[in-house]
Number of protein chains: 2
Amino acid sequence: MESYLQNLKDNCLKITPRRKAVIDIFVSNGSRMGPYDVYGKLKKRLSTIGLPTVYRILSELKDIGILVQSISEDRQLRYSLCTLPDVHHHHFTCRKCSKIEEVEFCNFKGVSRFIEKKFNAKVEAHQVQIEGLCSECK
Amino acid sequence: MESYLQNLKDNCLKITPRRKAVIDIFVSNGSRMGPYDVYGKLKKRLSTIGLPTVYRILSELKDIGILVQSISEDRQLRYSLCTLPDVHHHHFTCRKCSKIEEVEFCNFKGVSRFIEKKFNAKVEAHQVQIEGLCSECK
DNA sequence: CTCTAAATAGAAATCATTTCTATTTATACT
DNA sequence: AGTATAAATAGAAATGATTTCTATTTAGAG
């Protein structure tokens, strides 16, 4: 938790009860959540909290690398704690419980070479979304 | 073009001027487009066309495998012709001109095995979005 | 040509997300 | 500890992509 707060300071973001609560929800919950999920959990602790505040905080935490943003099947925002902020990695999402695992492995080079050769193109980025069932939901 | 119309028939969808026009726009254009892009192009040929009609037709063409649906960075719908309907493949999108190339190559098994072993999970699906610059925009 | 279910136009609704503005608060500095 | 100030927030309102609704039109079978 301390390192998250330090991260906020390092990025000139004040440590407010709202921000601490959002981080805490992700730390204690661990799964992938949308703004409305987070809002629902926050309401229990802080009765006066606005949805726009949740959206803003989630976006800020993404910007400084505490959360990862992803897009769900229904094209809506999802966030999850990023435990590997500086390493290139992908995400595995459980289709049943929405838990997210960080996949510190990427064999994308082959595809990249294939594309650059076949289409004479320049590959700049890639994003992989992997889905399935986690050990508990299997 | 004939095979597209046959595909419509096979799926009990009537061959209407609107549907033909939408397919034609993709065939002659080739790039990835959103509903509003398609709507704009349709307006030139058919003055009375509604945006809801465009959304519906795009969704229908996706359902029968003529178009591929993808989600762009801005979380909006994008469609492109699917020339490899039955083969597992991915898509490469040019960041400059939005042209889309179908990548008939996938070395995903390694990642899949890694995940199943490390997390004791079951991988069911994956989706890869690759971006860069095409040969012309390079 | 006629009939019928499917397709469509246009208006309206939906709803996630963002913007705006007045008020409150964290924190740097006395 | 008290104060000043920029940052953060609540709540209302706006935005805008997408979907739904309904009356009208049309493709295609017979």
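I looked up Cys137(A) first: at 16% relative accessible area, this residue is buried (under 20%; exposed is over 50%, partly exposed in between; 1.4 Å probe, protein chains only). Next I checked Cys137(B), which also counts as buried at 16% relative accessibility. Cys137(B) is in no disulfide (a pair of cysteine sulfur atoms within 2.5 Å). The nearest cysteine sulfur, that of Cys134(B), is 3.7 Å away. Over all chains I count zero disulfides.

A note on the source: this is a predicted model, where local features need pLDDT of at least 70, side-chain atom pairs count only at pLDDT 80 or more, and totals for chains, interfaces and linings use all residues. Residues are numbered from 1 along each chain as its sequence is written, chains are lettered from A and ligands numbered from 1 in the order written, and side-chain values use heavy atoms, without hydrogens and water.

Then I turned to DNA strand C. I find 21 residues around the strand (near means a heavy atom within 4 Å). Among those that come nearest are Tyr55(A), Arg18(B) and Thr53(B). I sorted the 21 residues by class: ten are nonpolar, five polar and six charged (Ala, Val, Leu, Ile, Met, Phe, Trp, Tyr, Cys and Pro are nonpolar; Asp, Glu, Lys and Arg charged; the others, Gly among them, polar).

Which part of the DNA strand C faces the protein within 4 Å? I read 77% of those atoms as sugar or phosphate and the rest as bases. I noted two approaches to phosphate oxygens: a polar side-chain atom of Thr16(B) at 2.7 Å, and a backbone N or O atom of Gly50(B) at 3.2 Å.

Key: A polar contact is a pair of N or O atoms within 3.5 Å; within protein, one must be able to donate a hydrogen and the other to accept it, and residues adjacent in sequence count only if both atoms are side-chain atoms.
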